[in-house]
Each structure stands twice: as structure tokens, then as C-alpha cells.
Amino acid sequence: MPEHRLPSRLGGQDSKDGDTPPDVRFIRVPSIAERKLGREYVAPMRLDPRVLDQMQQTIRGLETKYAEALKSQVAMLQILVEPACKGDSEARGRLYSLAHDMRGLAGTFGHPMVSRFADSLCGYLENCEAEDLKDGTVILFHVDAIRDAIENPRTDAAVTLETLEALERLIEANRRDRRRLG
Amino acid sequence: MSHSVFEKLTVLVVDDSAYMRHLLMTLLQALGVTRVYLAIDGEEAWELLNTCQPDIVLTDAAMVPGDGFMFAKRLRSLRGHALGFVPIIMVSGHTDLASVERARDIGVTEFLSKPISARSLYERLIQVLDRPRQFVETPTYRGPDRRRRNTPFAGEDRRGGVALI
């Protein structure tokens, strides 16, 4: 039978200290592995290096295909910058969507810096006002950095990080300008 | 003959990126999972739920129209239904503290930040398959116990007795 208890202190922001404490139940959930395997279940499940290697090979197998897709995506980004900066909301949405995809995938396929630059671009697009976009400098610099990271994957990490920091400084300067101008 | 638990799993993958869906599906297949269902957002995933009856859900966070947070919240609201207990792994590029805390407070089981690696995915899957955390049901929260560390605290320990499902 479920045991009824006082509310947890980890009740989250929504929890309220009312006069009548609401019920709390703790429920033990059985292991899916045990339930599925029955008698074949051997505890505890461990990471099998052979299976992991198989997964890593799968990723390597997709790398070439992804590299081609990445090049097309960067070319598309370059095309979208101008209309996005001129107020075309569809172009802006598409540009964000491409950058979001790169943020999530490039690192998996051996392009960690592309992911970092795309993450910085997504952060900028999520927080900027339409007015900021008119000057497309920040977006253009990000797209250039992404393209460079793809074309020259062996660039010294220190140089790439410096570029990333410069982009972050540029975004911060833009924010300061916006605040100053109201 | 010994079977892998992965062969017996049904997994629902929810992501608006076709590349990400393909990557996750391919990695799951490399693990041996044969039943992988794909949805492009939370709305489509919700419609698929009863058909596929997943053992695990892998969901992105930011999707339109139905995002991963909303989907996870709806899933956890299924009281009295086994699907309400399904482990949810949120796979997201939004790794800021607010997003991670929001996921946790909605009842997401594990958070996996993008870009993912084979190892990180494999480890999260083992975690939810074999080391389930007890569920907590309160009027304001329903999901896995958010206390992961067994650290001393002041007050009554209410986690001693649990119901078994």
C-alpha cells in the first residue's frame, strides 16, 4: 500500500506551506532491465566496451555525410544573413534553426568549435531585439567563424577560443549600446 | 542464449531536427534497440504514446508547437497509468541552469546536453534502465526523487518507507 507522508522539502518552487500538509507518496519503481530480462538479468548493468565501440563506429560512419551537410548549411547561413537582418522573420527563424542544429550536432561529429560558435550565435539570436539585427555584424562574424572552423579544423585551439571570446565581447558591446540608447 | 535488454526496448525519440532524430535512432539501433518511434515535436509524440507504449522517452527541449517541457509535464500528469512513470531523458542544447532546473522540476529523469557522445547516451540509458530512482508524488511534483546525494540534512527522513509498484 502507498504510504502517505508529509510534503517533501524538495517540493519545488510551486510548493506552499499550507495549514494542512498535502499527501506525499514515495513509490519504488522496478528496474526496467530486471523486468525485461527476467531470469537472464544480471545486476548491475555495466557499460560494454564492445557496444560502445560499435556506437562510436556508427558516429564515425555518419561523419562524412554530416560534413557535407554542414557545408551546405553554412552556405545557407550566408544566404540568410542579409534577409534576416532586413527584417525577414522567416529567414531569421531558418537561420536560428540551422545554428541550433549545428549547436546540437557538430560537436558529436568532431567539430566541437562549430558547436561553440553556433551556441554563441543562438544565444545572441535568442536575446537580441529586431533592431539589433539591422547591423548584421555580429551574425556575419559568427557565420565566418563557423565557416573557418569547418574549413580549418586543425586551427590552434587557443586561436579559436580567442575568436569565441572576441565574439562574446562584441555581443556584450552591442548589449551595452542598446542599454545606453534605451 | 543471453539477450540484451536493449533488444527488448521500445524507445520514443522526439526531436524537431531530422539529423538529431536520425543520429539518435542510429545509435539506439547500434545498441540493439529494434523498436524506435520518431516524433517531430511534443504534440506528435503525445499522439504516438498509446500506439508505441515506450519504455524510455528521449526528448529535445525546444520544439514548436509542443516543446519537450510541456510533453514531459503531460506525461508525468498521467496518474494511475504506467506511462506516467516512463523514464524521460531530455537531450538539449539549452544547458543553462534554469533549463536544467526546469527539466528536473517537471519530472525529467536525466538531462543529456548536446552535443551528445556515444558514451554519454549509453551511460544515461544504463542509468534509467537499471538504477531507477524512487518516484515522488506530491500535489505539486510528480517524478523521480530529485535528491541524488545521500547527504545529511536537518529534519525528518521521510524516504524510509516506500510503496512498490
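This passage walks through a sheet in chain B, the helices that pack around it, and a helix contact between chains A and B. The structure is a predicted model.

A good place to start is the open sheet of chain B, which is built from five strands in the order E2-E1-E3-E4-E5 with parallel pairing. Strands of a sheet pair through backbone hydrogen bonds, either parallel or antiparallel. Strands E2 (35-39) and E5 (110-113) of chain B lie at the edges with a single partner strand each, so one side of each has no neighbour in the sheet. On average, neighbouring strands of this sheet are turned by 20° against each other, direction ignored. At the E5 edge, four bridges link E5(B) to strand E4 (residues 88-92) of chain B, and B:Ser92 is found opposite B:Ser113 of E5(B).

Helices pack on this sheet. Helix H1 (residues 18-31) of chain B touches strands E1 (10-14), E2, E3 (56-59) and E4 of chain B, and its direction makes about 170° with that of E2(B). Helix H3 (residues 68-76) of chain B lies across E1, E3 and E4 of chain B, at about 175° to E4(B).

H3(B) also packs against helix H4 (residues 97-106) of chain B, at an angle of about 20° and with the axes 9 Å apart. The two helices H3(B) and H4(B) are therefore roughly parallel, and their crossing is left-handed. On the H3(B) side the contact involves B:Phe69, B:Ala72, B:Lys73 and B:Arg76, while H4(B) contributes B:Ser99, B:Arg102, B:Ala103 and B:Ile106. Sorted by class, these are four nonpolar, one polar and three charged residues.

Back in the sheet, B:Glu110 belongs to strand E5 of chain B. This residue counts as buried because its relative accessibility is 7%, under the 20% cut-off. Leaving aside residues up to four places away in sequence, B:Glu110 touches B:Ile88, B:Ile89, B:Met90, B:Arg124, B:Gln127, B:Val128, B:Arg133 and B:Arg148.

The last contact described here joins the two chains. Helix H2 (residues 49-85) of chain A and helix H5 (residues 118-130) of chain B have axes that come within 9 Å and cross at roughly 135°. H2(A) is therefore oblique to H5(B), and the crossing is right-handed. From H2(A), the residues A:Val51, A:Leu52, A:Met55, A:Gln56 and A:Ile59 meet B:Ala118, B:Arg119, B:Leu121 and B:Tyr122 of H5(B). Seven residues of this contact are nonpolar, one is polar and one is charged.

Terms used. Residues are numbered from 1 along each chain as its sequence is written. Chains are lettered from A and ligands numbered from 1 in the order in which they are written. This is a predicted model: local features need pLDDT of at least 70, side-chain atom pairs count only at pLDDT 80 or more; totals for chains, interfaces and linings use all residues. Side-chain values use heavy atoms; hydrogens and water are left out. Two strands pair if DSSP finds at least two bridges between them. Axes are lines fitted to C-alpha atoms, for helices over the stretch in contact, and angles run from 0 to 180 degrees between N-to-C directions. Contact means heavy atoms within 4.5 Å. Angles under 35 degrees count as roughly parallel, over 145 as roughly antiparallel, 65 to 115 as roughly perpendicular and the rest as oblique. A crossing is left-handed if the near helix is turned anticlockwise from the far one by less than a right angle, and right-handed if clockwise. Ala, Val, Leu, Ile, Met, Phe, Trp, Tyr, Cys and Pro count as nonpolar, Asp, Glu, Lys and Arg as charged, and the others, Gly among them, as polar. Buried means under 20% relative accessible area, exposed over 50%, partly exposed in between (1.4 Å probe, protein chains only).
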